[in-house]
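Work through the exercises below with the model open. Try each task before you read its solution.

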Amino acid sequence: MSGAMTERHMLGEDEAAPLAGLAARVRALTEAAVLTGVGADEARAVADEIAALTERLRAVRRDAPPFLVTDGHRMDRQGGNPVTGVLNPIAPPVDLDVTADGIVRAEFTLSDVYEGPPSYVHGGMSAMVLDQALGMAAAQTGVGGMTATLELRYRRPTPLGVPLTVEAKASRVEGRKIYASGTIAGPDGRVTVEATAMFVTPQHFLVHER
Ligand SMILES: CCCCCCCC/C=C\CCCCCCCC(=O)SCCNC(=O)CCNC(=O)[C@H](O)C(C)(C)COP(=O)(O)OP(=O)(O)OC[C@H]1O[C@@H](n2cnc3c(N)ncnc32)[C@H](O)[C@@H]1OP(=O)(O)O
């Protein structure tokens, strides 16, 4: 198990770059696996080669995903994050930026790997991207917190394979509760998904942080 309290290995840029390159290759592999039309023998042969490569990576195993050394931002240090993490092949990855006024924003494209209804993005994937963006927006107000509630309104289908925009902003803070809202929009600027969320800073986290 990768427990939250596990001491994390900190990756400097030199160490992180080749691992990000590895993740990018595996991301491409995942898409190729979903879309491939090769025959059964070729699929088995490739599977065996991949199994051998997996064993090579397992030869040296960390207890938990490493963190990236960043320029003081705690936001993007989780290289293994499934939305933003450059080290994680299942992350698109979504490169979330924070503007001076606390708006969290990214342009990103979701491949066929994230298909829900035929030719559209899976609603759970939209939820995950929004959870992350709203969570980062909430963290802009101070400590940040765990998602306590997340409400989605799917207004229209979200297209695959075209540039999407996610935006989020914190709206208010009440004690340990932080409220945030955000959207995903298609290339035409029309909103496809709206989200509101409440994050709660755990008591013990405040004690550790302050
Ligand atoms: C560890 C802190 C992290 C900070 C990180 C900052 C770094 C930022 C960096 C990068 C951005 C990251 C972005 C991440 C995005 C992804 C986030 C996720 O996926 S999180 C995983 C999914 N969520 C869970 O697994 C939560 C599970 N639940 C819990 O852990 C607890 O229930 C928790 C923390 C939510 C509340 O526990 P309590 O013990 O602190 O809560 P009580 O003291 O009872 O409540 C405080 C107030 O909040 C209300 N409340 C609590 N939970 C509620 C809920 N689910 N719905 C409505 N109200 C709730 C209560 O009614 C109470 O309100 P009254 O003070 O009485 O007005």
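Helices (H or I, at least four residues) and strands (E, at least two) are DSSP runs, numbered from the N terminus. Residues are numbered from 1 along each chain as its sequence is written. This is a predicted model: local features need pLDDT of at least 70, side-chain atom pairs count only at pLDDT 80 or more, and totals for chains, interfaces and linings use all residues.

**Exercise 1. State the confidence of the model.**

Step 1. Recall the scale: pLDDT is the predictor's confidence in each residue, from 0 to 100.
Step 2. Read the chain: the protein chain averages a pLDDT of 94, and 94% of the residues score at least 70.
Step 3. Add the global scores: ipTM is 0.95 and pTM is 0.94.
Step 4. Keep one caution: where pLDDT is low, the predicted coordinates should not be read in detail.

**Exercise 2. Divide the chain and describe the domain contact.**

Step 1. Set the bounds, which come from an automatic or database domain assignment. Domain 1 covers 1-87 and domain 2 covers 94-209.
Step 2. Place the two parts: the C-alpha centres of domain 1 and domain 2 lie 23 Å apart.
Step 3. Count the contact (C-beta atoms, placed from the backbone, within 7 Å). Domain 1 gives eight residues and domain 2 gives twelve residues.
Step 4. Sort by class. Ala, Val, Leu, Ile, Met, Phe, Trp, Tyr, Cys and Pro count as nonpolar, Asp, Glu, Lys and Arg as charged, and the others, Gly among them, as polar. On the domain 1 side there are five nonpolar, two polar and one charged residues.

**Exercise 3. Find the unusual backbone in two loops.**

Step 1. Look at the loop between β2 (67-68) and β3, where proline 93 lies. The peptide bond joining proline 92 and proline 93 is cis, with omega about -15 degrees.
Step 2. Go to the loop between β4 and α3, which holds serine 119. Serine 119 is not a glycine, yet its phi is positive, about 75 degrees.

**Exercise 4. Trace the sheet from edge to edge.**

Step 1. Apply the pairing rule: two strands pair if DSSP finds at least two bridges between them.
Step 2. Write the order. Six strands form an open, antiparallel sheet, β3-β4-β6-β7-β8-β5. Its edge strands are β3 (97-98) and β5, each pairing on one side only.
Step 3. Start at β3. Two bridges join β3 to β4 (residues 104-108). Aspartate 97 has arginine 105 in β4 as its bridge partner.
Step 4. Move to β7 (residues 177-185), which nine bridges join to β8. Here serine 181 stands opposite threonine 196 in β8.
Step 5. Check the turn. The hairpin of β7 and β8 has five residues between the strands, and glycine 189 takes a positive phi near 85 degrees.
Step 6. Finish at β5, which pairs with β8 (residues 191-200) over eight bridges. Threonine 147 has phenylalanine 199 in β8 as its bridge partner.

**Exercise 5. Which elements supply the shell around the ligand?**

Step 1. Define the shell: a residue is near if its C-beta atom, placed from the backbone, lies within 6 Å of the molecule.
Step 2. List the elements. α3 (123-139), β5 (146-154) and α4 (203-209) each supply at least two residues. α3 gives the most, with five residues.
Step 3. Pick out the nearest. Of the 19 residues around the ligand, these are Gly135, Ala139, Gly144, Met146 and Ala148.
Step 4. Sort the shell: eight residues are nonpolar, seven polar and four charged.

Notes:
Two residues are in contact if their C-beta atoms, placed from the backbone, lie within 7 Å.
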